[in-house]
Amino acid sequence: MTLRVLGVDPGLTRCGIGVVDIERNRRATMVAVGVVGTSAELTLDKRLLVIAQAIDEWLDLHTPDVVAVERVFSQMNVSTVMGVAQASGVVIAAAARRGIPVALHTPSEVKAAVTGSGTANKDAVTKLVTKILRLDAPPKPADAADALALALTHAWRAGSGLAANGGAGNGSLTPAQKAWADAEAKARRAR
């Protein structure tokens, strides 16, 4: 059985979208990747409509089992947080209308899942997403790579046993899984 995850790196200017199929043995294959862009010259309602229409098309075309969205962090400036939150809401509502479960993952969880370090930079994430998915070239821009990383993170989490036990007491975790479990625990404490 294959799990299909649609990952979304939300944003008003650039909203990264990536679809990944994950096999039971954790082998990942990219299905599609892209970025929905909106102009800052458009009104907010029009920008959100562009994102909503694109997400609807992606959900209908790729029929994912789950949608993984980056969790908004308040450490950003307020205007950035608002735009990301608004774009996230559009994505979450579109999935909910179709009965597709939605999972939220913090940036540090994603970095830890993909690279083994919750503090990795965007270049490291992009490099490893390219390698994991066996791509000929890195996905561009970084928002596209981040969307694929979100999809990978969720799929690996769902199949890793971490969701069930938080990683506690499991000596068989890989270094990347352990770093990811630590990042997830840190994010929970920060809430």
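**View 1. Secondary-structure elements of the predicted model.** Seven helices and five strands make up the protein, shown here as a predicted model. Read from the N terminus, the order of the elements is β-β-β-α-β-α-β-α-α-α-α-α.

**View 2. Burial, exposed surface and contacts of the protein.** The protein has 191 residues, of which 46% are buried. About 9400 Å² of the protein is exposed, and carbon and sulfur atoms contribute 55% of this area. Among contacts in the protein with a separation of 6 or more, 62% are accounted for by residues 24 or more positions apart.

**View 3. The largest nonpolar core.** This core comprises 23 residues. Those touching the most other members are Leu-6, Val-8, Ile-51, Ile-55, Leu-59 and Val-67. Two or more residues of this core come from each of the strands β1 (3-9), β2 (14-22), β3 (28-37) and β4 (66-70), and likewise from each of the helices α1 (44-62) and α2 (78-97). The element giving the most to this core is α1, with seven residues.

**View 4. The surroundings of Leu-59.** Leu-59 is one of the residues that touch the most other members of the largest nonpolar core. With residues up to four places away in sequence left out of the count, Leu-59 touches Leu-6, Pro-64, Val-67, Ala-94, Ala-95, Arg-98 and Ile-100. Of these partners, Leu-6 and Val-67 also appear among the residues of the largest core that touch the most other members.

**View 5. Another nonpolar core.** Apart from the largest nonpolar core lies another core, of 18 residues. Its members include Val-20, Ala-28, Ala-155 and Trp-156.

Technical notes:
Residues are numbered from 1 along each chain as its sequence is written. This is a predicted model: local features need pLDDT of at least 70, side-chain atom pairs count only at pLDDT 80 or more; totals for chains, interfaces and linings use all residues. Side-chain values use heavy atoms; hydrogens and water are left out. Helices (H or I, at least four residues) and strands (E, at least two) are DSSP runs, numbered from the N terminus. Buried means under 20% relative accessible area, exposed over 50%, partly exposed in between (1.4 Å probe, protein chains only). Contact means heavy atoms within 4.5 Å. Accessible areas come from the Shrake-Rupley method with a 1.4 Å probe; for residues, only the protein chains shown count as cover. A nonpolar core is a set of buried Ala, Val, Leu, Ile, Met, Phe, Trp, Tyr and Cys residues joined through side-chain atoms within 4.5 Å.
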